[in-house]
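This briefing addresses the arrangement of strands and helices in one protein chain. Please consult the sequence and the structure shown here while reading.

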Amino acid sequence: MTPGPAAVEVRGLRHTFGDTVAVDDLDLTVQPGEIFGLLGPNGAGKTTTIRVITTLLPPMAGSVTVFGLDVNGRKMAVRRLVGYVPQLLSADGALSGRENVALFARLFDVPRAQRRERTAAAIDAMGLSEAADRPASTYSGGMVRRLELAQALVSSPRLLILDEPTIGLDPVARSGVWERILDVRQQTGMTVLVTTHYMDEAEQYCDRVALMHRGRIRAMGTPGELIASLDGAGESLDDVFRSYTGDDLDSGGFRDVRAARRTARRLG
Ligand SMILES: Nc1ncnc2c1ncn2[C@@H]1O[C@H](COP(=O)(O)OP(=O)(O)OP(=O)(O)O)[C@@H](O)[C@H]1O
């Protein structure tokens with residue numbers, strides 16, 4: 001039997017903004033059903049890579065396919081396969097959680113007869129059933145993030161792409177988000193591509209990771225493989241990152257994420 005196409009296949013991707021090379025000759029393969037972490041500090045090129053995969057930016061050079069479909073030639077077909085949760089808020093605080101998710105069901109052409117049921121299922125999968133009819137402005141940061149995940153899940157995407165899903169959340173809310181992601185993956189076999197700069201989360205939850213720095217992939221493998229590649233010279237993905245880039249992740253160009261991101265704040 002010939003294997004099916006990869007969930008994401010990136011070959012020789014390059015993207016620049018003026019003189020800034022955001023993504024530089026990047027190769028990446030995400031296999032169906034895996035949770036793949038794209039890791040790196042601010043400015044590494046993660047969001048740009050994701051924007052190309054989600055068809056929001058065109059590749060300037062190289063090729064990108066999603067389940068075998070080219071992001072350039074088959075843009076609409078790719079969009080139907082992908083659920084995307086960007087860094088910034090997309091939920092409307094004046095609407096209830098259920099209304100927010102139902103809006104996405106309409107936007108993503110979920111058949112009318114299935115909308116109510118699929119909306120309820122997505123809300124339930126994110127543990128928000130009890131709060132579903134309250135305005136989203138009353139939700140905590142972790143609940144807002146889970147609401148955004150429910151919005152992305154209502155169209156039953158084959159590939160879920162999450163840009164820094166836990167940034168700014170407290171540790172309990174962070175593990176709550178991850179546990180829901182793991183549950184959905186287990187139940188649906190969905191592929192998950194996630195960016196994060198939390199190495200501890202990647203180590204715990206991702207099947208494979210790629211370490212990205214200054215537009216390039218510096219190392220790729222399971223967290224265990226990457227740590228083993230240090231031959232005892234380190235014991236965490238932080239150590240792996242330092243070893244491959246020479247940089248300390250915490251001083252490697254991080255902005256103050258609390259100021260930069262509104263994700264964890266309550267909706268006003
Ligand atoms: N629209 C844009 N215009 C100009 N430069 C950009 C633009 N978007 C990104 N860049 C630059 O491209 C580089 C990569 O940015 P990108 O957002 O992809 O990195 P990142 O790893 O996702 O970091 P972050 O976590 O901050 O989003 C950075 O130097 C950034 O300043």
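The points below cover the sheet, the helices and a hairpin in turn. The model is a predicted one. Its strands include six that form an open sheet with mixed pairing, and two others, β1 and β2, form a hairpin.

**The six-stranded sheet**

- The strand order across the open sheet is β6-β7-β8-β3-β9-β10.
- At the edges lie β6 (82-85) and β10 (216-221), each of which pairs on one side only.
- On average, neighbouring strands of this sheet are turned by 15° against each other, direction ignored.
- Strands β7 (residues 159-163) and β8 (residues 191-196) run parallel and are joined by five bridges. Within this pairing, leucine 160 has valine 192 of β8 as its bridge partner.

**Helices on the sheet**

- Helix α6 (residues 171-188) packs on the sheet and touches β3 (35-39), β7 and β8. The direction of α6 makes about 140° with that of β3.
- Helix α9 (residues 237-245) lies across β3, β9 (208-213) and β10. Relative to β9, helix α9 runs at about 40°.

**Packing of α5 with α6**

- Helix α5 (residues 141-153) packs with α6 at an angle of about 20°, and their axes are 9 Å apart. Angles under 35 degrees count as roughly parallel, and α5 and α6 are therefore roughly parallel to each other.
- The crossing of these two helices, α5 and α6, is right-handed.
- From α5, the contact is made by Gly142, Arg145, Arg146, Leu149 and Leu153. From α6, Ala173, Gly176, Val177, Arg180, Ile181 and Val184 take part.
- By character, the residues of the contact of α5 with α6 comprise six nonpolar, two polar and three charged.

**The β1-β2 hairpin and its salt bridge**

- Strand β1 (residues 8-17) pairs with strand β2 (residues 20-30) in the antiparallel sense over seven bridges. In this pairing, valine 10 stands opposite leucine 28 in β2.
- The hairpin of β1 and β2 has two residues between its strands. Glycine 18, in the turn, has a positive phi of about 60°.
- Side chains of opposite charge can pair when their charged atoms come close. Arginine 11 forms a salt bridge with aspartate 27, and the closest N and O atoms are 4.0 Å apart. Arginine 11 lies in strand β1 and aspartate 27 in strand β2, so the pair ties together parts that are 16 residues apart in sequence.
- Across the whole structure, a search finds 11 salt bridges.

Key
Residues are numbered from 1 along each chain as its sequence is written. This is a predicted model: local features need pLDDT of at least 70, side-chain atom pairs count only at pLDDT 80 or more; totals for chains, interfaces and linings use all residues. Side-chain values use heavy atoms; hydrogens and water are left out. Two strands pair if DSSP finds at least two bridges between them. Helices (H or I, at least four residues) and strands (E, at least two) are DSSP runs, numbered from the N terminus. Axes are lines fitted to C-alpha atoms, for helices over the stretch in contact, and angles run from 0 to 180 degrees between N-to-C directions. Contact means heavy atoms within 4.5 Å. Angles under 35 degrees count as roughly parallel, over 145 as roughly antiparallel, 65 to 115 as roughly perpendicular and the rest as oblique. A crossing is left-handed if the near helix is turned anticlockwise from the far one by less than a right angle, and right-handed if clockwise. Ala, Val, Leu, Ile, Met, Phe, Trp, Tyr, Cys and Pro count as nonpolar, Asp, Glu, Lys and Arg as charged, and the others, Gly among them, as polar. A salt bridge is a side-chain nitrogen of Lys or Arg within 4 Å of a carboxyl oxygen of Asp or Glu.
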